[in-house]
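Below are some comments on the model, set out as numbered points. They start with the sheets and then turn to a helix, a loop residue and the charged pairs.

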Amino acid sequence: MRLVLLDSGGANLGSVQAAFARLGVEAPVSSDAQRIRAATHVLLPGVGAAAPAMARLRANGLDRLIPSLSQPLLGICVGMQLLFEHSVEGDVACLGLLPGRVEGLPETPGVRVPHMGWNRLQAVSPEAAMHPLLAGVDGRHAYFVHGYAYRGTTNTLATCTHGQPFAAIAARGRVMGAQCHPERSATTGARLLANFLSL
């Protein structure tokens, strides 16, 4: 197994590497096309905002490389948001690997944005619950810090509700995303990352 973390400039790279280290897996950070193409699994991390993250990907050529990859790809947090076509955060075009747009979470009475804390993953259907990425995590809690999310249903495997439902985990073929922070989600996050590596 050869895992590579894409250099998206996120401040959580060290904690993501530590999460994989707990699974006994080395997770080097790279923007080198040859090394990324040689990987068996590719992870797109991200914290902060969509526009600076996309600017970083464009600056190191990863915006063109990522769509051409054929191995399993997992985006986490902002990395998941970048998989979609567009984000209203910064009004930025994203990678377009998943159809749809990322929108702000609506503020309603009693619901604070950004969404910070633990929330329950809920598979959208029995078929979705059978997806290998959800093995052992459906119904469990994961940790979130975000103010934007994909709120559509296409390719959504599991949702959480913060005022209104949003896509917590999505997948289409080799392209997968988790809005939570697996590296901060204790046993749930460890299982999610292990599920990804098993693909």
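1. Which residue stands opposite H41 in β3? L3 does. Please keep in mind throughout that this is a predicted model. L3 lies in β1 (3-6), and β1 and β3 run parallel, joined by three bridges. On the subject of β3 and β4, these strands are also parallel and are also joined by three bridges; here L44 stands opposite G75 of β4.

2. These strands belong to an open sheet of eight strands with mixed pairing, in the order β2-β1-β3-β4-β14-β13-β12-β9. Its edges are formed by β2 (29-30) and β9 (122-123), each of which pairs on one side only. Strands of a sheet pair through backbone hydrogen bonds, in either the parallel or the antiparallel sense. The antiparallel sense is found between β13 (residues 164-172) and β14 (residues 175-178), which pair over four bridges. Within that pair, I169 has A178 of β14 as its bridge partner.

3. Is β3 covered on one face or on both? Both faces are covered. H41 and L43 are buried on one side, and V42 and L44 are buried on the other. In a regular strand the side chains alternate between the two faces of the sheet. The residues of β3 listed here follow that alternation, with H41 and L43 on one side and V42 and L44 on the other.

4. Helix α7 (residues 186-197) packs on the eight-stranded sheet. The strands touched by α7 are β1, β3 (41-44), β4 (73-76), β13 and β14. The direction of α7 makes about 140° with that of β3.

5. Helix α3 (residues 50-59) has buried residues A50, A53, M54 and L57. Seen down the axis of α3, the buried residues fall within an arc of 95°, so they line one face of the helix. P52 and A59 are exposed on the other side of α3. The cover over the buried residues of α3 includes β3, α4 (62-65), α5 (78-81), β5 (86-87) and β6 (92-93). Just after α3, G61 has a positive phi of about 80°.

6. D7 deserves a separate comment. D7 is in the loop between β1 and α1 (13-22). Is D7 buried or exposed? D7 counts as buried because its relative accessibility is 16%, with the cut-off for buried being under 20%. Its side chain makes a polar contact with the side chain of R56, at 3.0 Å. Apart from its neighbours within four places in sequence, D7 is in contact with V29, S30, S31, R56, L57, N60 and L62. One of these, L57, is among the buried residues of α3.

7. The second sheet is open and has four strands with mixed pairing, in the order β6-β5-β7-β11. Its edge strands are β6 and β11, each pairing on one side only. Strands β7 and β11 run antiparallel and are joined by three bridges. The bridge partner of E103 in β11 is A149.

8. How many salt bridges does a search of the whole structure find? It finds four. One of them joins the side chains of D63 and R64, at 3.7 Å from N to O. R64 counts as exposed because its relative accessibility is 61%, the cut-off for exposed being over 50%.

9. E103 takes part in two of the salt bridges described here: one with R101, at 3.9 Å from N to O, and one with R151, where the closest N and O atoms are 3.7 Å apart. The E103 and R151 pair links distant parts of the chain, with the two residues 48 residues apart. E103 is in strand β7 (residues 101-104), while R151 is in the loop between β11 (148-150) and β12 (156-162). Through shared partners, the salt bridges join R101, E103 and R151 into one network. Each member of this network is partly exposed: R101 has a relative accessible area of 40%, E103 is at 29%, and R151 is at 29%.

How values were computed
Residues numbered from 1 in each chain as written. Predicted model: local features only at pLDDT ≥ 70, side-chain atom pairs only at ≥ 80, totals over all residues. Heavy atoms only, no water. Pairing = 2+ DSSP bridges. Contact = heavy atoms within 4.5 Å. Axes fitted to C-alpha atoms, helices over the stretch in contact; angles between N-to-C directions. Buried < 20%, exposed > 50% of the residue type's maximum accessible area, 1.4 Å probe, protein only. Polar contact = N/O pair within 3.5 Å; in protein donor to acceptor, adjacent residues only side chain to side chain. Arc of directions from axis to C-beta.
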